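User: I'm new to this structure and would love a close look at one part of it. Could you walk me through the sheet and what packs around it?

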Amino acid sequence: MRSRKTAQADGVGSAWPDGELQRLPVGTLQLDSGAKLPDVVLGYETWGALNEDASNAVLVLHALTGSTHVSRGSSHEDGWWEPLVGPGRAIDTDEMFVVAPNIVGGCYGTTGPSSPAPDGAPWGSRFPFVTLRDSVTAEAQLADALGIGQWHTVVGGSMGGARALEWAAMFPDRVQRCICIAACVASTAEQIAFAQAQLLAIRQDPDFAGGDYYDGVSPAAGLGLARRIAHITYRSEPDLGARFGRLPQGSEEPLAHDDGERGRYQVESYLDYQAGKLAGRFDANSYIALTEALTSHDLTRGRGSIAEIFTGTGIEFVIAAVSSDRLYFPAESERLVKELPPDVSVRFEMIDSPFGHDAFLIEAGQLADIVR
């Protein structure tokens with residue numbers, strides 16, 4: 001039986017516990033833009049064991065501000081897809097070897113703007129523009145190091161779904177199945193517009209310092225405002241209305257102005273909470289780098305039509321949309337399904353949920369049925 005212990009011979013490291021962050025140096029990365037990024041390190045976590053013929057490997061790809069920590073494993077902290085990944089779950093780690101890498105430009109183990117450049121100082125404003133294709137290139141090197149010639153399944157939601165599609169396009173001979181949830185062929189004009197507002201919120205924070213803030217105060221206010229804008233698109237109006245309506249937050253009075261200030265509505269307090277939570281765990285420069293990588297996403301760029309890209313690949317696709325998603329409209333997923341060539345297997349699934357885009361993280365039961 002082949003297990004993670006064989007990774008030691010490949011220079012990746014000895015056997016490690018499930019859900020523990022590992023780092024793989026992949027050297028200089030030739031970027032999609034033509035630039036080069038030196039000394040790239042890829043952070044990742046794994047669960048389960050690779051079988052003898054390396055046929056049970058599953059690649060799980062995170063969304064914009066996600067991390068490598070998909071499931072608890074040996075740690076005491078739940079992962080962002082905890083209900084789906086683990087022993088006996090839809091992605092059963094008793095049977096499958098699960099790998100979850102952090103995207104290039106991120107801040108959870110992989111080289112990004114906060115990482116040291118060759119001169120020892122953080123990259124900051126000098127970090128080059130990266131695309132989703134750049135991360136897939138690095139992830140292919142991780143697969144090589146782990147002894148994985150072909151993925152049993154590549155799966156992701158939102159930006160992770162876009163990366164899953166890129167994997168299928170770039171390395172069709174290395175992907176048996178592609179599960180794309182709440183993502184689309186290319187970032188739309190509206191998605192780019194929402195993204196621009198978020199990035200300007202960060203860049204106009206005085207503490208941003210042009211991106212070189214690591215020896216000072218982080219631009220938490222700008223990052224928090226960016227998160228507020230984004231989070232509105234992640235949820236639906238019916239969800240926000242049902243949860244908060246026009247109710248005030250606690251004893252605060254939204255109509256009181258005698259002291260020059262007014263209290264908050266519950267929905268405002270909710271957005272404040274989401275903003276503070278992200279600002280406390282994420283790097284603002286990484287938010288910019290990954291948002292720009294996502295806005296650049298266009299599966300057909302330089303490749304031709306969807307049919308031309310995937311004809312003859314034999315990949316099995318599952319494309320899933322969320323009924324109430326107002327960021328990645330279901331019509332975009334349906335378009336992808338219609339444009340896939342007739343010689344590939346494709347199944348379309350609708351996640352019926354009031355939660356909007358975030359249903360790809362919330363609707364554990366429906367997701368399990370789709371993924372299983």
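Analyst: Happy to help; here is a tour of the sheet, the helices across it and the nonpolar cores. Please keep in mind that this is a predicted model.

Let's start with the strands. The sheet is open and has eight of them, in the order β1-β2-β6-β3-β7-β8-β9-β10, with mixed pairing. At its edges stand β1 (22-30) and β10 (345-351); each has a single partner strand, so one side of each lacks a neighbour in the sheet. From one strand to the next, the twist averages 20°.

Now zoom in on one pair. Strands β7 (residues 153-157) and β8 (residues 177-181) run parallel and are joined by four bridges. Here you can find V154 opposite C178 in β8.

Next come two helices. Helix α2 (residues 159-170) lies across β3 (57-61), β6 (97-101), β7, β8 and β9 (316-322), and runs at about 150° to β7. Helix α11 (residues 364-371) lies across β8, β9 and β10, at about 170° to β10.

Finally, look at the nonpolar side chains. The largest nonpolar core has 53 residues, and those touching the most other members are V99, I148, W151, W167, F310 and F317. Helix α1 (residues 132-146) gives the most to this core, contributing seven residues. To see one of these contact sets, pick V99: leaving aside residues up to four places away in sequence, V99 touches Y44, E45, T46, V58, L59, V60, L142, L146, I148 and W151. There is also a second, separate core of 28 residues, with V70, L84, A182 and I370 among them.

Notes: Residues are numbered from 1 along each chain as its sequence is written. This is a predicted model: local features need pLDDT of at least 70, side-chain atom pairs count only at pLDDT 80 or more; totals for chains, interfaces and linings use all residues. Side-chain values use heavy atoms; hydrogens and water are left out. A nonpolar core is a set of buried Ala, Val, Leu, Ile, Met, Phe, Trp, Tyr and Cys residues joined through side-chain atoms within 4.5 Å. Buried means under 20% relative accessible area, exposed over 50%, partly exposed in between (1.4 Å probe, protein chains only). Contact means heavy atoms within 4.5 Å. Two strands pair if DSSP finds at least two bridges between them. Axes are lines fitted to C-alpha atoms, for helices over the stretch in contact, and angles run from 0 to 180 degrees between N-to-C directions.
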